[in-house]
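Please open the structure in a viewer and keep the selection panel at hand. The tour below proceeds by selections, each followed by a description of what is found there.

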Amino acid sequence: MIPPSVVVAAAGSGKTTLLVREYLRHLAVGIPAENIVAITFTRMAGAELVDRVSLALRAGLGDIEAKAELGPVYESEYFPVLPTDPAVSRRALRALAAAPVGTTDSFVQTLLAEFALDAFL
């Protein structure tokens, strides 16, 4: 099992690249996308994370355009941690749109909506 990660760093320091690597590592060891929680500070950061994970998975499946869009970071950062089983990558791509990636407030809102009775709401 991969332990949870917390990344705190200044703007432009490579947080998204690191988070994408971590996300791909979790997928590669068999954790489904719907079970990986990624919480970001802004909606834009969450959307960028999902976009880059999608691009990396597509590049790993042979999508030349996705590989070109990622540039050299694909080979140096993402390729080494991609799932080796293409079925895992395809399954992750299908689940990614509904995966729990978002801001703290959206995550808490989802939890409260799902467990309203348990939270006495």
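**Starting point: His26**

Select His26, which counts as buried because its relative accessibility is 13%, under the 20% limit for that class. The model on display is a predicted one. His26 is found in helix H1. Show its surroundings next: leaving out residues up to four places away in sequence, His26 touches Ile2, Pro3, Ile31 and Ile36.

**One place along: Leu27**

Now select Leu27, also found in helix H1. Leu27 is buried, with a relative accessible area of 2%. Which residues are in contact with Leu27, leaving aside its neighbours within four places in sequence? They are Pro32, Ala33, Ile36, Val53, Leu57, Pro83, Val88 and Ala92. Add Ser89 to the selection and draw a C-alpha to C-alpha distance to Leu27: the two are 62 residues apart in sequence and 7.9 Å apart in space.

**The whole of helix H1**

Extend the selection to residues 15-28, which form helix H1. At 1.5 Å a residue, these 14 residues should span 20 Å, and the end C-alpha atoms are indeed 20 Å apart, so the expected and modelled spans agree. Colour the buried residues of H1, namely Thr16, Thr17, Val20, Glu22, Tyr23, Leu24, His26 and Leu27. An α-helix has 3.6 residues a turn, so residues three or four places apart point the same way.

To see what these buried residues pack against, display strand E1 (38-40) and strand E2 (101-103), together with helices H2 (43-60), H4 (72-78) and H5 (86-96). Just after H1, select Gly30, which takes a positive phi of about 100 degrees.

**The largest nonpolar core**

Next, select Tyr23, Leu24, Leu27, Val53, Leu57, Leu70 and Tyr78, the residues with the most contacts inside the largest nonpolar core, which has 24 residues. Two or more residues of this core come from each of H1, H2, helix H3 (64-70), H4 and H5. The largest share, 6 residues, is that of H2. In soluble globular proteins, nonpolar side chains tend to be buried together.

Centre the view on Tyr78. Apart from residues up to four places away in sequence, Tyr78 touches Thr17, Val20, Arg21, Leu24, Arg52, Ala56, Leu70 and Val73.

**The largest pocket**

Select Val7, Leu19, Ala38, Ile39 and Thr40, which lie nearest the centre of the largest pocket among its 32 lining residues. About 790 Å³ of space lies in this pocket. H1, E1 and H2 are the elements that give two or more residues to its lining, and H1 supplies the largest share, 6 residues. By class, the lining divides into 20 nonpolar, 9 polar and 3 charged residues.

**The second largest pocket**

Where does the tour end? Select Ala99, Pro100, Val101, Phe107 and Thr110, the closest to the centre of the second largest pocket of the 14 residues that line it. The volume of this pocket is about 200 Å³. At least two lining residues are supplied by each of E1, E2 and helix H6 (104-114), and H6 gives the most, with 5 residues. Colouring by class separates the lining into 9 nonpolar, 4 polar and 1 charged.

Methods
Residues are numbered from 1 along each chain as its sequence is written. This is a predicted model: local features need pLDDT of at least 70, side-chain atom pairs count only at pLDDT 80 or more; totals for chains, interfaces and linings use all residues. Side-chain values use heavy atoms; hydrogens and water are left out. Helices (H or I, at least four residues) and strands (E, at least two) are DSSP runs, numbered from the N terminus. The expected span of a helix is 1.5 Å times one less than its number of residues. Buried means under 20% relative accessible area, exposed over 50%, partly exposed in between (1.4 Å probe, protein chains only). Contact means heavy atoms within 4.5 Å. A nonpolar core is a set of buried Ala, Val, Leu, Ile, Met, Phe, Trp, Tyr and Cys residues joined through side-chain atoms within 4.5 Å. On a 1 Å grid over the protein atoms alone, a cavity is a set of points where a 1.4 Å probe fits but cannot get out, and a pocket is an open set with protein on both sides within 12 Å along at least five of seven lines; lining residues have an atom within 4 Å of a point. Grid points are joined across faces, edges and corners, and a volume is the space filled by probe spheres set on the points. Ala, Val, Leu, Ile, Met, Phe, Trp, Tyr, Cys and Pro count as nonpolar, Asp, Glu, Lys and Arg as charged, and the others, Gly among them, as polar.
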